Amino acid sequence: MKERASIVVSIFILTLLVMGTWWAADYSQRAVQIDPPSRLTHERDTWAKDVILVRTDSKGIVIHRLEGDLLEHFPDDKSYELQAPRAYTLKEENPLTVATSKVAFIYDEGDRIVMRGDAVLLRLGDAERQPLNFQSDEITILIDKDLAFTDLPAVATSGRSRMTGIGMRFNNATQQLDVFKSTDVDIAPKDQRESTEPPAQRANP
C-alpha cells in the first residue's frame with residue numbers, strides 16, 4: 001500500500017513539474033519581445049572606385065572588359081551599378097565593340113548589362129565594313145550571345161546608311177542589325193540586303 005502511494009505521489013509531482021516547465025516556457029516566449037525579421041532593401045553593401053573587370057576564355061585570353069568610375073553591389077537582387085561605364089568586346093573572331101552610357105546595371109553575374117542614359121554602342125570598322133554607331137537611351141547587352149538590343153527609340157548609322165526606329169537588335173557575331181518598327185530608313189545601295197522576316201528591316205552594315 002505504501003509503495004502504491006509513493007508511486008501516485010511521484011506521478012503527481014512529475015506532472016506538476018511538466019506543467020510548470022511548459023508554463024514557464026510559454027510565459028518566457030510571451031514576455032520577451034522578439035524583433036521582427038529585418039526587411040531587405042535596395043541598399044549597397046560594398047563599393048569600389050575606378051574598377052576594371054575582365055572576362056577570359058578557356059585559354060586565358062581577355063574577351064570582355066568593363067571599366068567604370070564607381071561600382072556598387074546591391075544584395076537584394078544581386079545586381080551591380082556602375083557609373084560612367086565602358087564595355088569592350090574583344091573576341092578575335094568578331095569586330096571590336098565599345099559601349100558607353102551614363103550608368104550601367106549588371107545582372108546575372110555579369111552576363112546581362114543594361115546601359116542607361118545616352119547609351120552608345122560602337123562597332124569599329126575594318127577592311128570590309130565601316131563603323132556602326134548604335135544609339136538609344138537604353139541598350140541591353142547579352143555578353144555570352146554577343147547581342148545588343150533595345151525596345152526604345154534608337155538610331156543606327158554606318159557610313160551613308162542611317163536607320164531610326166523603335167526597337168533594334170544588333171548581333172555582333174553575324175553583323176546583323178534588325179529594326180523592328182522603323183520611322184526612317186536611308187540605306188546606301190551597297191549596304192542594302194533583302195529580308196524575308198517581317199516586321200524587322202535588316203541591314204548588314
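**Salt bridges, core and surface**

Arg 169 is partly exposed, at a relative accessible area of 35% (buried means under 20%, exposed over 50% and partly exposed in between, with a 1.4 Å probe and protein chains only). Its side chain meets that of Asp 178 in a salt bridge, 3.2 Å from N to O (a Lys or Arg side-chain nitrogen within 4 Å of an Asp or Glu carboxyl oxygen). Asp 178, for its part, is buried, at 2% relative accessibility. Elsewhere, salt bridges with shared partners tie Arg 65, Glu 67, Asp 69 and Arg 86 into one network.

The model is a predicted one, with local features needing pLDDT of at least 70 and side-chain atom pairs counting only at pLDDT 80 or more, while totals for chains, interfaces and linings use all residues. Residues are numbered from 1 along each chain as its sequence is written, and side-chain values use heavy atoms, with hydrogens and water left out.

As for the overall layout, the protein has 1 helix and 13 strands (DSSP runs numbered from the N terminus: H or I of at least four residues for helices, E of at least two for strands). The helix comes at the N-terminal end of the order, and the strands follow it. Of the 205 residues, 35% count as buried. Looking at contacts between residues at least 6 apart in sequence, 36% join residues at least 24 apart (a contact being heavy atoms within 4.5 Å). The accessible surface adds up to about 13500 Å², and carbon and sulfur atoms own 55% of that (Shrake-Rupley areas, 1.4 Å probe; for residues, only the protein chains shown count as cover).

The largest nonpolar core holds 25 residues, with Leu 121, Phe 134 and Ile 141 making the most contacts inside it (such a core is a set of buried Ala, Val, Leu, Ile, Met, Phe, Trp, Tyr and Cys residues joined through side-chain atoms within 4.5 Å). Among the elements giving it two or more residues are strand 7 (112-123), strand 8 (132-142) and strand 9 (147-158). Leaving out residues up to four places away in sequence, Leu 121 touches, among others, Phe 134, Ile 141, Ala 148 and Phe 170.

Strand 7 also carries Arg 123, a charged residue that is nonetheless buried, at 0% relative accessible area. Its side chain reaches the backbone oxygen of Gln 130 at 2.4 Å and makes a polar contact with the side chain of Gln 175 at 2.5 Å (N or O atoms within 3.5 Å, where one must be able to donate a hydrogen and the other to accept it; sequence-adjacent residues count only if both atoms are side-chain atoms).

Back to the salt bridges, which number 10 in the structure. Asp 144 and Arg 55 form one at 3.2 Å, and that pair links parts of the chain 89 residues apart: the loop between strand 8 and strand 9, and strand 1 (residues 46-56). Asp 144 is exposed, at 55%, whereas Arg 55 is partly exposed, at 24%. Arg 112 pairs with Asp 108 in another salt bridge, with the closest N and O atoms 3.3 Å apart.

Over in strand 4, Thr 89 is buried, at 9% relative accessibility. Its contacts beyond four places in sequence include Ile 63, His 64, Asp 146 and Asn 172. Leu 90 sits in the loop between strand 4 (86-89) and strand 5 (97-100) and is partly exposed, at 34%.
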